[in-house]
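Please find below a short note on the structure, set out as numbered points. The points take up strand pairing, a helix contact and aromatic pairs in turn.

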Amino acid sequence: MTDFCLPEPITPAIFLRDYWQQKPLLIRNGLPQIVGRFEPQDILELAQSEEVTARLLKQYDDDNWTFTPSPLTAADFADLPPCWTVLVQNMEQWSTELGQLWRAFGFIPQWQRDDIMVSYAPPGGSVGKHYDEYDVFLVQGYGHRRWQLGKWCDPATEFKPNQPIRIFDDMGELVLDEVMAPGDVLYIPSRLSHYGVAQDDCLTFSFGLRYPNPTDLLENINKALCQPHPDCDLNEFAIPLRLRPSVQPSGELDPATVAEMKRQLLATLAQSAPFERLFQQAVAAAVSTRRYELLPTGDMAEPDEVRLRLTQEKARLVQDNNCKLVYTRQPLRIYANGEWLDELNPLEALILKHLADGRRLNWQDILALAAQTAEKQTALQLLPDSICNWLDDGWVLLDE
């Protein structure tokens, strides 16, 4: 089990109270488990794979950058300038071991996880001075990178014109200027400007965390409205609004009427139990949706093999951290990669809930959960088939 990466004496509660979205935190040797897992050549080869999402940035001078998106080929890496960077997204898709390191950040709800990105750069390589609209833990996996952190930014911050990436010159007064070594972790809050420059051949892994934006929520509310479930009776919303018209030209839709409609609509939604359930469903679907397409897992699992490994070979069932697995408590609903798993039996739901919380379940743990449910024997008989489906869908792993 990977411990949290926080240093003594900073507990998760202290971090969330004093640092989260407020100030950075440098953690020396916070994640030593990442050291030695990858070398630069691994990332360069992966970046040129057909199914990988990658970007190549070339810097010729302060105001001359080029940007090449995937698919990348060997030709893209010919005639490189001295300063360049390649970035690969969704690294947990390509490394189960790397995905398991999300546990080091388990004090942050997993529904906030975006993906793990890796940045490779030779000496002098950078992606410029910039800020992000998400929180990030930067983990140095190989080599050294100097990080400078400066001013807070907002949507009004001006970027350099005519550049393929969002960068600027003014970092303001620096609040941090440090070189990170392998295993070091740096937390950077959303909208804090930062600038990283490779000191030698280096790999930096970015564990990104973000909240849904209003567009995400509205899209999922629309999906829930188009596909309502039995416990979300939308007939309540069919009652007409009550308006008092004023004397006006007959063709005008006046601003006061529109404002009153908005007020009544929001009041109705705020007081509606069906909308509360629908909104919860929309939020859960939004935050559990992956940004990148899930690739096939390969060989299909067999129920007899799953049963044997769990009962005799002492394997443990764990969440595949390439999957976003979240749940709501009242009522208990499980969501995987944006989908509500509405056909689970009680035992299956309990198992996935515990996996989402970071538990590693052996057969004895599963028997204890089964004892809490009705129709225990039937549920256990069906379970190997269900686990096979979860393995094939990329939700879980069998860990020795």
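1. Which residue in strand 10 does R145 stand opposite? In this predicted model, the partner of R145 is A198. Strand 10 spans residues 192-198 and pairs with strand 7 in the antiparallel sense, over 6 bridges.

2. Strand 7, residues 145-152, is also joined to strand 8, residues 176-180. These two strands run antiparallel and are connected by 5 bridges. Within strand 8, E178 is the residue that W147 stands opposite.

3. The next point concerns two helices. The axes of helix 8 (residues 346-356) and helix 10 (residues 376-393) come within 10 Å and cross at roughly 50°. Helix 8 is therefore oblique to helix 10. The crossing of helix 8 and helix 10 is right-handed.

4. Which residues make this contact? Helix 8 contributes L347, E348, I351 and L352, while helix 10 contributes A379, L380, L383, S386 and W390. By character, the residues of the contact between helix 8 and helix 10 comprise 7 nonpolar, 1 polar and 1 charged.

5. The structure holds 20 aromatic pairs. One of them is formed by F105 and F207, whose rings are tilted, with 4.8 Å centre to centre and 40° between the planes. This pair links distant parts of the chain, the two residues being 102 residues apart. F105 lies in the loop between helix 3 (96-100) and strand 5 (113-121), whereas F207 belongs to strand 11 (residues 202-209).

Conventions: Residues numbered from 1 in each chain as written. Predicted model: local features only at pLDDT ≥ 70, side-chain atom pairs only at ≥ 80, totals over all residues. Heavy atoms only, no water. Axes fitted to C-alpha atoms, helices over the stretch in contact; angles between N-to-C directions. Helix = DSSP H or I, 4+ residues; strand = E, 2+ residues; numbered from the N terminus. Parallel < 35°, antiparallel > 145°, perpendicular 65-115°, else oblique. Left-handed = near helix turned anticlockwise from the far one by under 90°. Contact = heavy atoms within 4.5 Å. Nonpolar A, V, L, I, M, F, W, Y, C, P; charged D, E, K, R; others polar. Pairing = 2+ DSSP bridges. Phe/Tyr/Trp six-rings, centres within 6.5 Å; stacked < 30°, edge-to-face > 60°.
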